[in-house]
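Reader: Hi! Could you walk me through this one while I have it open on my screen?

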Amino acid sequence: MAGPHDKRAVDVRVHGDVQGVGYRFGALRKADELDLAGWVRNESDGDVTAHLEGLGHRVESMLDWMRTGTKWSNVSRVDVEDVDVQGLEGFELG
């Protein structure tokens, strides 16, 4: 089993009122703060998707943030799938 200091990668889909409320920009700030790599983007169905890579405990901290988001967002559900680490650098808005 992976420990908290091992690299982890996840694909995330966030459901709810998460577009037009600063969610992606908040995610970018939080990912930078946690030194995570990956990206976050709006989807045409109103969801936000993201790919996160970094130390396991930092990915968990990011997922905790994503379950609430900004004070203007209303997250109804967050789906998380563990995936292979791609070795990305930096975090981007998509």
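Reader: Let's start with helix 2. Which of its residues are buried?
Author: In this predicted model, the buried residues of helix 2, which spans residues 56-66, are Gly56, Val59, Met62, Leu63, Trp65 and Met66.

Reader: And what covers them?
Author: The cover includes three strands, namely strand 1 (7-17), strand 3 (48-55) and strand 4 (74-83), along with helix 1 (23-33).

Reader: Nice. Back up a little: what's the order of the elements from the N terminus?
Author: They run β-α-β-β-α-β-β. That comes to two helices and five strands. The radius of gyration is 12 Å, close to the 12 Å that the globule rule gives for 94 residues, so the protein is as compact as a globular protein of that length.

Reader: What does the C-alpha trace span along its principal axes?
Author: About 35 × 25 × 20 Å. Of the 94 residues, 40% count as buried.

Reader: How much of the contacts comes from residues 24 or more positions apart?
Author: Such pairs account for 80% of the contacts with a separation of 6 or more.

Reader: New topic, charges. How many salt bridges are there?
Author: The structure holds nine. One of them joins arginine 8 and glutamate 60, with their closest N and O atoms 2.5 Å apart. Arginine 8 sits in strand 1 and glutamate 60 in helix 2, so this pair links distant parts of the chain, 52 residues apart.

Reader: Is glutamate 60 buried or exposed?
Author: Somewhere in between: glutamate 60 has 34% relative accessibility, so it counts as partly exposed, since that class lies between 20% and 50%.

Reader: Which aspartate forms a salt bridge with arginine 8?
Author: Aspartate 82 does, and the closest N and O atoms of that pair are 2.7 Å apart. Aspartate 82 lies in strand 4 and arginine 8 in strand 1, so the salt bridge ties together parts that are 74 residues apart in sequence. Taken together, Arg8, Glu60 and Asp82 are linked in a network of salt bridges.

Reader: Good to know. What does arginine 41 pair with?
Author: Arginine 41 forms a salt bridge with glutamate 43, and their closest N and O atoms are 2.9 Å apart. With a relative accessible area of 35%, arginine 41 is partly exposed.

Reader: Last one: how far apart are the mean positions of the positive and negative charges?
Author: They are 6 Å apart, counting 11 positive and 18 negative charges. As for the accessible surface, it comes to about 5400 Å², and 45% of that belongs to carbon and sulfur atoms.

Definitions and conventions: Residues numbered from 1 in each chain as written. Predicted model: local features only at pLDDT ≥ 70, side-chain atom pairs only at ≥ 80, totals over all residues. Heavy atoms only, no water. Buried < 20%, exposed > 50% of the residue type's maximum accessible area, 1.4 Å probe, protein only. Helix = DSSP H or I, 4+ residues; strand = E, 2+ residues; numbered from the N terminus. Contact = heavy atoms within 4.5 Å. Rg over C-alpha atoms; globule rule 2.2 N^0.38 Å. Areas by Shrake-Rupley, 256 points an atom, 1.4 Å probe, with all protein chains shown as cover. Lys, Arg positive; Asp, Glu negative; His and termini not counted. Charge placed at Lys NZ, Arg CZ, Asp CG, Glu CD. Salt bridge = Lys/Arg side-chain N within 4 Å of Asp/Glu carboxyl O.
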